[in-house]
Amino acid sequence: MSDLAELYQEIILDHNRSPRNFHEIPDCTCWAEGNNPRCGDEVKVFLRKKGDRLIEAAFQGQGCAISRASASLMTIKVKGRLVGEVLALSEKVRNMLMGVKEENLEDLGDLAALSGVRQFPARITCALLAWHALEKAMDGRHTLGVE
Ligand code: ZN
């Protein structure tokens with residue numbers, strides 16, 4: 001394994017072991033859930049939006065290492081960002097995972113650790129699950145209030 005592949009694997013294992021922002025947000029403004037029955041992954045994404053900015057992002061659920069690591073990395077990366085930036089980021093992650101377009105992995109930071117997943121097509125759904133839920137939540141499913 002190359003050094004980079006090893007580093008990526010270490011990031012995924014670390015986020016699986018101790019996922020960040022792994023809690024509910026009791027006063028969240030929106031949330032959504034995603035299920036991936038093929039693997040048994042379940043994720044619920046909670047967001048607190050103020051105007052157009054996500055001031056808080058968190059998740060709960062259970063699933064494989066890839067789904068948990070992806071959700072954990074996602075919450076870190078989207079917190080504090082504008083909705084438009086988050087949608088652009090989500091598209092980049094999708095492009096990276098589906099191999100549609102060569103993305104500049106440097107702007108993705110630790111999310112680049114997920115790039116290895118594209119070699120395992122069955123796991124791409126695992127990696128994208130939290131991002132689908134995030135988009136659904138931002139789209140106003142289960143909106144609980146507006147700040
Ligand atoms: Zn999975």
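Two strands count as paired here if DSSP finds at least two bridges between them. Keep that in mind for the hairpins below; and bear in mind that this is a predicted model.

Let's start with the sheet. Strand 1 and strand 2 form a hairpin with 4 residues between them, and Gly40 in that turn has a positive phi of about 90 degrees. The two strands pair in the antiparallel sense over 7 bridges. You can pick out individual partners along the ladder: Cys30 is bridged to Leu47 in strand 2, and Glu33 has Lys44 of strand 2 as its bridge partner.

Carry on along the chain and there's another hairpin, made by strand 2 and strand 3. This one has 2 residues between the strands, and Gly51 takes a positive phi near 60 degrees. Strand 2 and strand 3 run antiparallel and are joined by 9 bridges. On this side, Arg48 finds its bridge partner in Glu56 of strand 3.

Put together, the 3 strands make an open, antiparallel sheet in the order 1-2-3. Strand 1 and strand 3 stand at the edges with a single partner strand each, so one side of each has no neighbour in the sheet. If you ignore direction, neighbouring strands are turned by 20 degrees against each other on average.

Now for the helices. Two packed helices are described by the angle between their axes and the distance between the axes. For helix 1 and helix 2, the axes come within 8 Å and cross at roughly 85 degrees. An angle of 65 to 115 degrees counts as roughly perpendicular, and helix 1 and helix 2 are therefore roughly perpendicular to each other. Who actually meets whom? Helix 1 brings Ile11, Ile12, His15 and Asn16, which meet Ala65, Ile66, Arg68, Ala69, Ser72, Leu73 and Ile76 in helix 2. By type, the residues of this contact divide into 7 nonpolar, 3 polar and 1 charged.

Just beyond helix 1, have a look at Asn21, which sits in the loop between helix 1 and strand 1. Asn21 counts as buried because its relative accessibility is 18%, and the cut-off for buried is under 20%. Leaving out residues up to four places away in sequence, Asn21 touches Ala57, Ala58, Phe59, Thr75, Ile76 and Lys79.

What holds the sheet and helices in one picture is the core. The largest nonpolar core has 41 residues, and Leu47, Val78, Leu97 and Leu134 touch the most other members. Two or more residues each come from helix 1, strand 1, strand 2, strand 3, helix 2, helix 3 and helix 4. Helix 4 gives the most, with 11 residues. Leu47 is a name you've already seen, as the bridge partner of Cys30.

Val78 is a good place to stand and look around. Apart from neighbours within four places in sequence, Val78 is in contact with Leu54, Ala57, Val86, Leu89, Trp131 and Leu134. Separate from the largest core lies another, of 5 residues, among them Ile25, Cys28, Phe46 and Ala58. Ala58 has come up before too, as one of the residues that Asn21 touches.

One last stop is Ser90, in helix 3. Is Ser90 buried or exposed? Ser90 is buried, since its relative accessible area is 1%. With neighbours within four places in sequence left aside, Ser90 is in contact with Trp131 and Glu135. Trp131 also belongs to the contacts of Val78.

Terms used
Residues are numbered from 1 along each chain as its sequence is written. This is a predicted model: local features need pLDDT of at least 70, side-chain atom pairs count only at pLDDT 80 or more; totals for chains, interfaces and linings use all residues. Side-chain values use heavy atoms; hydrogens and water are left out. A nonpolar core is a set of buried Ala, Val, Leu, Ile, Met, Phe, Trp, Tyr and Cys residues joined through side-chain atoms within 4.5 Å. Buried means under 20% relative accessible area, exposed over 50%, partly exposed in between (1.4 Å probe, protein chains only). Contact means heavy atoms within 4.5 Å. Axes are lines fitted to C-alpha atoms, for helices over the stretch in contact, and angles run from 0 to 180 degrees between N-to-C directions. Angles under 35 degrees count as roughly parallel, over 145 as roughly antiparallel, 65 to 115 as roughly perpendicular and the rest as oblique. Ala, Val, Leu, Ile, Met, Phe, Trp, Tyr, Cys and Pro count as nonpolar, Asp, Glu, Lys and Arg as charged, and the others, Gly among them, as polar.
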